[in-house]
Amino acid sequence: MSDSRSRRLSLLSSTTPPAGDEPIAEADLAEVVTLQRRKAASASDGGEETLYLDTLAEYQWARDVSGLAATTLDRLVRPVVEICEHYGVVAWRLTPRQVDHYFAGPGKRGRSTVRQKMNLLDHYFAFLEQRYAGEIARLFGIGVESPIDPFNRPRHRGDFGLRVPPSQRATREFFTRWRDSLDQARKPVIARRDYVMGKLTYISGVRAAELCSVKIGDVHWESGQWGRFLVNGKGARGSGPRQREAYLFEDGRALLWWYVEEVRGEFCDDPEDLTAPLFPSERIPTAVTALNVDVPGIAVTPSTFRRTLKAAGHRFVTGPVTELYPHLLRHACATHNYERGMSLWEVQKLLGHDRPTTTVSYLATAHADPERASLDAAGRAVQRLVMDKGNLR
(Lines give C-alpha, C1' and ligand atoms only; values in the text may rest on other atoms or scores of the structure.)
Protein backbone atom coordinates (compact mmCIF):
# COMPACT_ATOMS: atom_id res chain seq x y z
CA MET A 1 0.00 0.00 0.00
CA SER A 2 1.40 3.42 -0.96
CA ASP A 3 2.17 6.10 1.64
CA SER A 4 -0.42 8.52 0.18
CA ARG A 5 -3.19 5.90 0.38
CA SER A 6 -2.26 5.07 3.99
CA ARG A 7 -2.45 8.77 4.84
CA ARG A 8 -5.94 9.05 3.27
CA LEU A 9 -7.26 6.09 5.29
CA SER A 10 -5.85 7.50 8.52
CA LEU A 11 -7.58 10.83 7.82
CA LEU A 12 -10.93 9.17 7.15
CA SER A 13 -10.75 7.21 10.41
CA SER A 14 -10.58 10.36 12.55
CA THR A 15 -12.50 13.63 12.53
CA THR A 16 -9.38 15.63 13.47
CA PRO A 17 -5.85 15.35 12.07
CA PRO A 18 -3.13 13.85 14.28
CA ALA A 19 -1.16 16.30 16.39
CA GLY A 20 1.84 17.73 14.63
CA ASP A 21 0.58 16.95 11.13
CA GLU A 22 0.29 19.60 8.46
CA PRO A 23 -3.22 20.96 7.59
CA ILE A 24 -5.15 18.87 5.10
CA ALA A 25 -4.13 19.96 1.62
CA GLU A 26 -6.11 17.55 -0.52
CA ALA A 27 -9.13 19.41 -1.91
CA ASP A 28 -11.06 16.18 -2.48
CA LEU A 29 -10.96 15.35 1.25
CA ALA A 30 -12.66 18.58 2.34
CA GLU A 31 -16.18 17.27 1.85
CA VAL A 32 -15.36 13.92 3.46
CA VAL A 33 -14.00 15.59 6.59
CA THR A 34 -17.06 17.85 6.75
CA LEU A 35 -19.35 14.83 6.56
CA GLN A 36 -17.37 13.07 9.29
CA ARG A 37 -17.66 16.12 11.57
CA ARG A 38 -21.38 16.30 10.88
CA LYS A 39 -21.87 12.61 11.64
CA ALA A 40 -20.16 12.99 15.01
CA ALA A 41 -22.07 16.17 15.89
CA SER A 42 -24.51 14.46 18.24
CA ALA A 43 -21.67 12.80 20.16
CA SER A 44 -19.77 15.97 21.10
CA ASP A 45 -20.61 19.03 23.18
CA GLY A 46 -19.66 21.39 20.37
CA GLY A 47 -21.48 19.45 17.68
CA GLU A 48 -24.31 21.95 17.30
CA GLU A 49 -21.89 24.83 16.91
CA THR A 50 -19.86 22.85 14.38
CA LEU A 51 -22.91 22.11 12.27
CA TYR A 52 -23.94 25.76 12.44
CA LEU A 53 -20.56 26.84 11.06
CA ASP A 54 -20.82 24.19 8.36
CA THR A 55 -24.20 25.56 7.26
CA LEU A 56 -22.77 29.06 6.97
CA ALA A 57 -19.91 27.81 4.82
CA GLU A 58 -22.16 25.70 2.60
CA TYR A 59 -24.64 28.59 2.21
CA GLN A 60 -21.84 30.83 0.93
CA TRP A 61 -20.65 28.02 -1.31
CA ALA A 62 -24.14 27.53 -2.76
CA ARG A 63 -24.51 31.24 -3.49
CA ASP A 64 -20.98 31.37 -4.92
CA VAL A 65 -22.19 29.00 -7.65
CA SER A 66 -24.51 31.82 -8.77
CA GLY A 67 -21.46 33.97 -9.54
CA LEU A 68 -21.71 36.39 -6.61
CA ALA A 69 -18.67 38.48 -5.71
CA ALA A 70 -16.64 37.68 -2.60
CA THR A 71 -17.78 40.86 -0.84
CA THR A 72 -21.41 39.96 -1.53
CA LEU A 73 -20.91 36.46 -0.13
CA ASP A 74 -19.51 37.96 3.06
CA ARG A 75 -22.51 40.26 3.45
CA LEU A 76 -24.92 37.34 3.06
CA VAL A 77 -24.00 35.76 6.41
CA ARG A 78 -22.91 38.85 8.33
CA PRO A 79 -26.36 39.53 9.92
CA VAL A 80 -26.68 35.85 10.88
CA VAL A 81 -23.32 35.83 12.65
CA GLU A 82 -24.03 39.22 14.23
CA ILE A 83 -27.30 38.28 15.92
CA CYS A 84 -26.20 34.76 16.88
CA GLU A 85 -23.07 36.10 18.58
CA HIS A 86 -25.18 38.65 20.45
CA TYR A 87 -27.40 35.96 22.00
CA GLY A 88 -24.78 33.20 22.08
CA VAL A 89 -26.95 30.67 20.26
CA VAL A 90 -26.92 28.87 16.94
CA ALA A 91 -29.20 30.15 14.20
CA TRP A 92 -32.02 27.60 14.50
CA ARG A 93 -32.50 28.44 18.21
CA LEU A 94 -33.33 32.09 17.46
CA THR A 95 -36.90 33.17 18.16
CA PRO A 96 -38.96 35.96 16.57
CA ARG A 97 -39.02 37.77 19.90
CA GLN A 98 -35.21 37.80 20.08
CA VAL A 99 -34.96 39.18 16.55
CA ASP A 100 -37.48 41.92 17.32
CA HIS A 101 -35.67 42.90 20.53
CA TYR A 102 -32.31 42.96 18.78
CA PHE A 103 -33.34 45.20 15.89
CA ALA A 104 -35.31 47.45 18.23
CA GLY A 105 -32.36 47.76 20.62
CA PRO A 106 -28.65 47.01 20.11
CA GLY A 107 -29.02 46.25 16.41
CA LYS A 108 -31.21 49.22 15.57
CA ARG A 109 -30.16 50.94 12.35
CA GLY A 110 -31.83 52.83 9.53
CA ARG A 111 -35.10 51.47 8.19
CA SER A 112 -33.63 50.23 4.91
CA THR A 113 -30.63 48.65 6.66
CA VAL A 114 -32.81 46.73 9.12
CA ARG A 115 -35.05 45.51 6.31
CA GLN A 116 -32.03 44.38 4.30
CA LYS A 117 -30.66 42.44 7.28
CA MET A 118 -34.03 40.80 7.88
CA ASN A 119 -34.15 39.77 4.23
CA LEU A 120 -30.68 38.23 4.45
CA LEU A 121 -31.63 36.37 7.64
CA ASP A 122 -34.77 35.03 6.00
CA HIS A 123 -32.87 33.92 2.88
CA TYR A 124 -30.42 31.97 5.03
CA PHE A 125 -33.28 30.22 6.84
CA ALA A 126 -34.88 29.36 3.51
CA PHE A 127 -31.59 27.60 2.69
CA LEU A 128 -31.63 25.82 6.08
CA GLU A 129 -35.17 24.59 5.51
CA GLN A 130 -34.21 23.23 2.08
CA ARG A 131 -30.94 21.53 2.99
CA TYR A 132 -30.69 20.91 6.75
CA ALA A 133 -34.17 20.82 8.32
CA GLY A 134 -34.31 17.02 8.51
CA GLU A 135 -30.77 16.65 9.83
CA ILE A 136 -31.22 19.30 12.54
CA ALA A 137 -34.50 17.75 13.66
CA ARG A 138 -32.90 14.30 13.81
CA LEU A 139 -29.78 15.38 15.72
CA PHE A 140 -31.15 18.05 18.04
CA GLY A 141 -34.93 17.65 17.98
CA ILE A 142 -35.52 21.20 16.71
CA GLY A 143 -37.75 22.17 13.82
CA VAL A 144 -36.10 24.76 11.58
CA GLU A 145 -38.31 27.82 11.19
CA SER A 146 -37.36 31.35 10.22
CA PRO A 147 -37.40 33.79 13.16
CA ILE A 148 -38.48 36.43 10.64
CA ASP A 149 -42.15 35.58 11.07
CA PRO A 150 -44.85 36.39 8.48
CA PHE A 151 -45.42 39.74 10.19
CA ASN A 152 -41.95 40.94 9.16
CA ARG A 153 -41.15 38.58 6.29
CA PRO A 154 -40.54 40.07 2.82
CA ARG A 155 -43.10 39.29 0.14
CA HIS A 156 -40.63 37.60 -2.21
CA ARG A 157 -38.48 35.14 -0.31
CA GLY A 158 -35.22 34.82 -2.23
CA ASP A 159 -34.77 32.86 -5.46
CA PHE A 160 -35.41 29.40 -4.04
CA GLY A 161 -38.85 28.97 -5.61
CA LEU A 162 -39.44 27.99 -9.22
CA ARG A 163 -41.24 30.67 -11.23
CA VAL A 164 -43.63 28.86 -13.55
CA PRO A 165 -44.94 31.20 -16.29
CA PRO A 166 -48.21 30.52 -18.12
CA SER A 167 -48.01 28.57 -21.35
CA GLN A 168 -47.82 30.24 -24.75
CA ARG A 169 -51.47 29.47 -25.42
CA ALA A 170 -52.61 30.77 -22.02
CA THR A 171 -50.56 33.94 -22.52
CA ARG A 172 -52.11 34.60 -25.94
CA GLU A 173 -55.61 34.05 -24.59
CA PHE A 174 -54.88 36.30 -21.61
CA PHE A 175 -53.87 39.28 -23.74
CA THR A 176 -56.77 38.67 -26.15
CA ARG A 177 -59.34 38.75 -23.33
CA TRP A 178 -57.67 41.77 -21.76
CA ARG A 179 -57.71 43.66 -25.09
CA ASP A 180 -61.38 42.84 -25.70
CA SER A 181 -62.32 44.32 -22.30
CA LEU A 182 -60.70 47.72 -22.85
CA ASP A 183 -63.72 49.47 -24.34
CA GLN A 184 -65.92 48.47 -21.39
CA ALA A 185 -63.44 49.66 -18.76
CA ARG A 186 -64.45 52.42 -16.35
CA LYS A 187 -61.39 54.44 -17.40
CA PRO A 188 -60.62 53.35 -20.97
CA VAL A 189 -57.49 55.50 -21.33
CA ILE A 190 -55.93 54.07 -18.15
CA ALA A 191 -56.99 50.55 -19.13
CA ARG A 192 -55.32 50.90 -22.54
CA ARG A 193 -52.14 52.23 -20.97
CA ASP A 194 -52.00 49.30 -18.54
CA TYR A 195 -52.64 46.79 -21.33
CA VAL A 196 -49.82 48.23 -23.45
CA MET A 197 -47.44 48.09 -20.47
CA GLY A 198 -48.30 44.45 -19.80
CA LYS A 199 -47.97 43.41 -23.43
CA LEU A 200 -44.65 45.27 -23.85
CA THR A 201 -43.30 43.59 -20.72
CA TYR A 202 -44.03 40.22 -22.28
CA ILE A 203 -42.70 41.13 -25.74
CA SER A 204 -39.49 42.88 -24.69
CA GLY A 205 -38.79 41.13 -21.35
CA VAL A 206 -38.05 44.38 -19.48
CA ARG A 207 -38.46 44.77 -15.73
CA ALA A 208 -41.28 46.80 -14.20
CA ALA A 209 -38.97 49.55 -12.92
CA GLU A 210 -37.25 49.75 -16.30
CA LEU A 211 -40.52 50.14 -18.20
CA CYS A 212 -42.01 52.72 -15.83
CA SER A 213 -38.98 54.99 -16.18
CA VAL A 214 -39.02 55.10 -20.02
CA LYS A 215 -39.51 58.59 -21.47
CA ILE A 216 -40.97 59.51 -24.83
CA GLY A 217 -37.54 60.49 -26.11
CA ASP A 218 -36.16 57.06 -25.21
CA VAL A 219 -38.08 55.40 -28.05
CA HIS A 220 -35.98 55.14 -31.23
CA TRP A 221 -38.27 54.05 -34.04
CA GLU A 222 -35.46 53.92 -36.59
CA SER A 223 -33.16 51.59 -34.63
CA GLY A 224 -32.90 47.99 -35.76
CA GLN A 225 -35.61 46.43 -37.86
CA TRP A 226 -38.66 47.40 -35.79
CA GLY A 227 -37.34 50.07 -33.43
CA ARG A 228 -35.96 49.90 -29.90
CA PHE A 229 -36.22 51.85 -26.67
CA LEU A 230 -33.68 52.70 -23.99
CA VAL A 231 -34.09 51.50 -20.42
CA ASN A 232 -32.00 52.01 -17.31
CA GLY A 233 -31.12 48.39 -16.74
CA LYS A 234 -30.18 46.71 -13.51
CA GLY A 235 -26.51 47.16 -12.55
CA ALA A 236 -24.14 44.26 -11.95
CA ARG A 237 -21.51 43.87 -9.24
CA GLY A 238 -22.19 47.27 -7.69
CA SER A 239 -21.77 49.25 -10.91
CA GLY A 240 -25.15 50.98 -10.67
CA PRO A 241 -27.84 51.13 -13.39
CA ARG A 242 -26.66 50.40 -16.91
CA GLN A 243 -28.50 51.81 -19.90
CA ARG A 244 -29.35 49.23 -22.54
CA GLU A 245 -31.57 48.81 -25.58
CA ALA A 246 -34.82 46.85 -25.30
CA TYR A 247 -36.35 45.24 -28.37
CA LEU A 248 -39.85 45.94 -29.70
CA PHE A 249 -40.14 43.34 -32.47
CA GLU A 250 -42.95 43.61 -35.00
CA ASP A 251 -45.84 43.19 -32.57
CA GLY A 252 -44.36 45.60 -30.06
CA ARG A 253 -43.77 48.30 -32.68
CA ALA A 254 -47.38 48.15 -33.92
CA LEU A 255 -48.70 48.17 -30.35
CA LEU A 256 -46.55 51.08 -29.19
CA TRP A 257 -47.27 53.09 -32.35
CA TRP A 258 -51.01 52.70 -31.72
CA TYR A 259 -50.53 53.78 -28.10
CA VAL A 260 -48.52 56.89 -29.02
CA GLU A 261 -50.95 57.91 -31.79
CA GLU A 262 -54.27 57.13 -30.12
CA VAL A 263 -53.81 56.97 -26.33
CA ARG A 264 -50.81 58.99 -25.12
CA GLY A 265 -52.34 62.34 -26.11
CA GLU A 266 -55.33 61.74 -23.83
CA PHE A 267 -53.26 62.48 -20.75
CA CYS A 268 -53.06 66.03 -19.41
CA ASP A 269 -49.36 66.70 -20.07
CA ASP A 270 -47.66 67.53 -23.36
CA PRO A 271 -47.18 64.36 -25.45
CA GLU A 272 -44.59 66.10 -27.63
CA ASP A 273 -42.26 66.73 -24.70
CA LEU A 274 -39.43 64.23 -25.11
CA THR A 275 -38.71 64.31 -21.36
CA ALA A 276 -42.27 63.31 -20.46
CA PRO A 277 -42.86 59.72 -19.28
CA LEU A 278 -44.05 57.31 -21.92
CA PHE A 279 -46.52 55.83 -19.44
CA PRO A 280 -47.76 58.70 -17.26
CA SER A 281 -49.85 58.44 -14.14
CA GLU A 282 -53.37 59.82 -14.11
CA ARG A 283 -52.56 61.69 -10.93
CA ILE A 284 -51.04 65.18 -10.92
CA PRO A 285 -49.29 66.66 -7.87
CA THR A 286 -51.31 69.40 -6.19
CA ALA A 287 -48.42 71.86 -6.42
CA VAL A 288 -48.22 71.34 -10.19
CA THR A 289 -51.98 71.80 -10.60
CA ALA A 290 -51.83 75.13 -8.76
CA LEU A 291 -49.18 76.47 -11.16
CA ASN A 292 -51.45 75.93 -14.18
CA VAL A 293 -48.50 75.44 -16.53
CA ASP A 294 -47.51 72.67 -18.91
CA VAL A 295 -44.98 70.39 -17.23
CA PRO A 296 -44.13 66.73 -17.82
CA GLY A 297 -46.39 64.34 -15.98
CA ILE A 298 -45.25 61.82 -13.42
CA ALA A 299 -44.59 58.22 -14.40
CA VAL A 300 -46.58 55.22 -13.28
CA THR A 301 -44.94 53.56 -10.30
CA PRO A 302 -43.92 49.88 -10.46
CA SER A 303 -46.22 49.06 -7.52
CA THR A 304 -49.23 50.47 -9.43
CA PHE A 305 -48.30 48.41 -12.48
CA ARG A 306 -47.95 45.26 -10.37
CA ARG A 307 -51.38 45.73 -8.81
CA THR A 308 -52.97 46.28 -12.21
CA LEU A 309 -51.33 43.19 -13.69
CA LYS A 310 -52.34 41.10 -10.71
CA ALA A 311 -55.98 42.15 -11.09
CA ALA A 312 -55.90 41.47 -14.84
CA GLY A 313 -54.43 38.02 -14.19
CA HIS A 314 -57.25 37.12 -11.81
CA ARG A 315 -59.80 38.19 -14.43
CA PHE A 316 -58.43 36.88 -17.69
CA VAL A 317 -55.84 34.11 -17.16
CA THR A 318 -57.05 30.54 -17.55
CA GLY A 319 -55.16 27.48 -16.42
CA PRO A 320 -53.08 26.62 -13.38
CA VAL A 321 -51.18 29.95 -13.31
CA THR A 322 -53.44 32.82 -12.25
CA GLU A 323 -51.10 35.04 -10.20
CA LEU A 324 -49.35 37.36 -12.66
CA TYR A 325 -46.66 39.90 -11.89
CA PRO A 326 -44.19 41.73 -14.16
CA HIS A 327 -41.21 39.48 -13.45
CA LEU A 328 -43.25 36.39 -14.30
CA LEU A 329 -43.97 37.94 -17.72
CA ARG A 330 -40.21 38.44 -18.05
CA HIS A 331 -39.78 34.71 -17.40
CA ALA A 332 -42.54 33.96 -19.90
CA CYS A 333 -40.77 36.10 -22.51
CA ALA A 334 -37.53 34.16 -22.05
CA THR A 335 -39.17 30.74 -21.92
CA HIS A 336 -41.49 31.19 -24.90
CA ASN A 337 -38.82 32.71 -27.15
CA TYR A 338 -36.46 29.86 -26.29
CA GLU A 339 -39.16 27.30 -27.05
CA ARG A 340 -39.80 28.99 -30.40
CA GLY A 341 -36.15 28.51 -31.40
CA MET A 342 -34.29 31.55 -30.08
CA SER A 343 -30.78 30.58 -28.93
CA LEU A 344 -29.55 30.99 -25.37
CA TRP A 345 -27.23 33.83 -26.41
CA GLU A 346 -30.13 35.68 -28.07
CA VAL A 347 -32.35 35.26 -25.01
CA GLN A 348 -29.50 36.55 -22.85
CA LYS A 349 -29.19 39.59 -25.11
CA LEU A 350 -32.96 40.13 -25.01
CA LEU A 351 -33.10 40.12 -21.21
CA GLY A 352 -29.94 42.19 -20.80
CA HIS A 353 -28.17 39.61 -18.65
CA ASP A 354 -24.44 39.87 -18.05
CA ARG A 355 -23.96 36.11 -17.64
CA PRO A 356 -25.57 33.14 -19.41
CA THR A 357 -25.95 31.30 -16.09
CA THR A 358 -28.51 33.90 -15.04
CA THR A 359 -30.44 33.36 -18.26
CA VAL A 360 -30.47 29.59 -17.77
CA SER A 361 -32.34 30.02 -14.47
CA TYR A 362 -35.11 31.77 -16.43
CA LEU A 363 -35.52 28.72 -18.66
CA ALA A 364 -36.15 26.14 -15.94
CA THR A 365 -39.61 25.35 -17.29
CA ALA A 366 -38.76 25.49 -21.01
CA HIS A 367 -40.08 22.46 -22.90
CA ALA A 368 -36.91 21.40 -24.70
CA ASP A 369 -36.92 18.43 -27.08
CA PRO A 370 -33.36 17.12 -27.64
CA GLU A 371 -34.55 14.41 -30.07
CA ARG A 372 -36.36 16.93 -32.29
CA ALA A 373 -33.33 19.24 -32.12
CA SER A 374 -31.07 16.37 -33.24
CA LEU A 375 -33.33 15.62 -36.22
CA ASP A 376 -33.47 19.30 -37.18
CA ALA A 377 -29.67 19.56 -36.99
CA ALA A 378 -29.29 16.48 -39.19
CA GLY A 379 -31.75 17.95 -41.70
CA ARG A 380 -29.82 21.21 -41.86
CA ALA A 381 -26.59 19.27 -42.44
CA VAL A 382 -28.17 17.36 -45.34
CA GLN A 383 -29.48 20.59 -46.82
CA ARG A 384 -26.03 22.17 -46.69
CA LEU A 385 -24.49 19.15 -48.44
CA VAL A 386 -27.10 19.29 -51.21
CA MET A 387 -26.61 23.02 -51.73
CA ASP A 388 -22.83 22.65 -51.75
CA LYS A 389 -23.04 19.67 -54.13
CA GLY A 390 -21.28 17.37 -51.73
CA ASN A 391 -18.32 19.64 -51.09
CA LEU A 392 -17.36 19.75 -47.42
CA ARG A 393 -15.79 23.06 -46.50
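**Close-up 1. Lys-199 sits over the ring of Phe-175 in this predicted model.** The charge lies over the face of Phe-175, at 5.5 Å from the ring centre. Phe-175 is a residue of helix α8. Its side chain is buried. Phe-175 also takes part in ring pairs with Trp-178 and with Tyr-195. The next two views take up these pairs.

**Close-up 2. Phe-175 and Trp-178 form an aromatic pair in helix α8.** A pair of aromatic rings is described by the distance of the centres and the angle of the planes. The count for the model comes to 16 aromatic pairs. In this one, the ring centres of Phe-175 and Trp-178 are 6.4 Å apart. Their planes meet at 15°, under the 30 degree limit, so the pair is stacked. Helix α8 spans residues 168-180. Within it the two residues are three apart, so about one helical turn separates them. Both Phe-175 and Trp-178 are buried.

**Close-up 3. Phe-175 meets Tyr-195 across two helices.** The ring centres of Phe-175 and Tyr-195 lie 6.3 Å apart. The angle between their planes is 70°, over the 60 degree limit, so this pair is edge-to-face. Phe-175 belongs to helix α8 and Tyr-195 to helix α9, 20 residues apart. The contact thus links distant parts of the chain. Phe-175 and Tyr-195 are both buried.

**Close-up 4. Five aromatic residues form a cluster.** The members are Tyr-59, Tyr-124, Phe-125, Phe-127 and Tyr-132. Ring pairs link them.

**Close-up 5. The second largest pocket has a volume of about 590 Å³.** It is lined by 23 residues. Closest to its centre are Ile-190, Ala-191, Arg-193, Asp-194 and Thr-308. Two elements, α9 (188-204) and α13 (302-316), each give two or more residues to the lining. Helix α13 supplies the largest share, seven residues. By class, ten lining residues are nonpolar, five are polar and eight are charged.

**Close-up 6. Phe-249 has a positive phi.** The angle is near 60°, in a residue other than glycine. Phe-249 lies in helix α11, which covers residues 249-263. Relative accessibility is 27% for Phe-249, between the 20% and 50% limits, so the residue counts as partly exposed.

Methods: Residues are numbered from 1 along each chain as its sequence is written. This is a predicted model: local features need pLDDT of at least 70, side-chain atom pairs count only at pLDDT 80 or more; totals for chains, interfaces and linings use all residues. Side-chain values use heavy atoms; hydrogens and water are left out. On a 1 Å grid over the protein atoms alone, a cavity is a set of points where a 1.4 Å probe fits but cannot get out, and a pocket is an open set with protein on both sides within 12 Å along at least five of seven lines; lining residues have an atom within 4 Å of a point. Grid points are joined across faces, edges and corners, and a volume is the space filled by probe spheres set on the points. Helices (H or I, at least four residues) and strands (E, at least two) are DSSP runs, numbered from the N terminus. Ala, Val, Leu, Ile, Met, Phe, Trp, Tyr, Cys and Pro count as nonpolar, Asp, Glu, Lys and Arg as charged, and the others, Gly among them, as polar. Rings of Phe, Tyr and Trp (its six-membered ring) pair if their centres lie within 6.5 Å; planes under 30 degrees apart count as stacked, over 60 as edge-to-face and the rest as tilted. Buried means under 20% relative accessible area, exposed over 50%, partly exposed in between (1.4 Å probe, protein chains only). A charge sits over a ring if NZ of Lys or CZ of Arg is within 6 Å of the ring centre and within 35 degrees of the ring normal.
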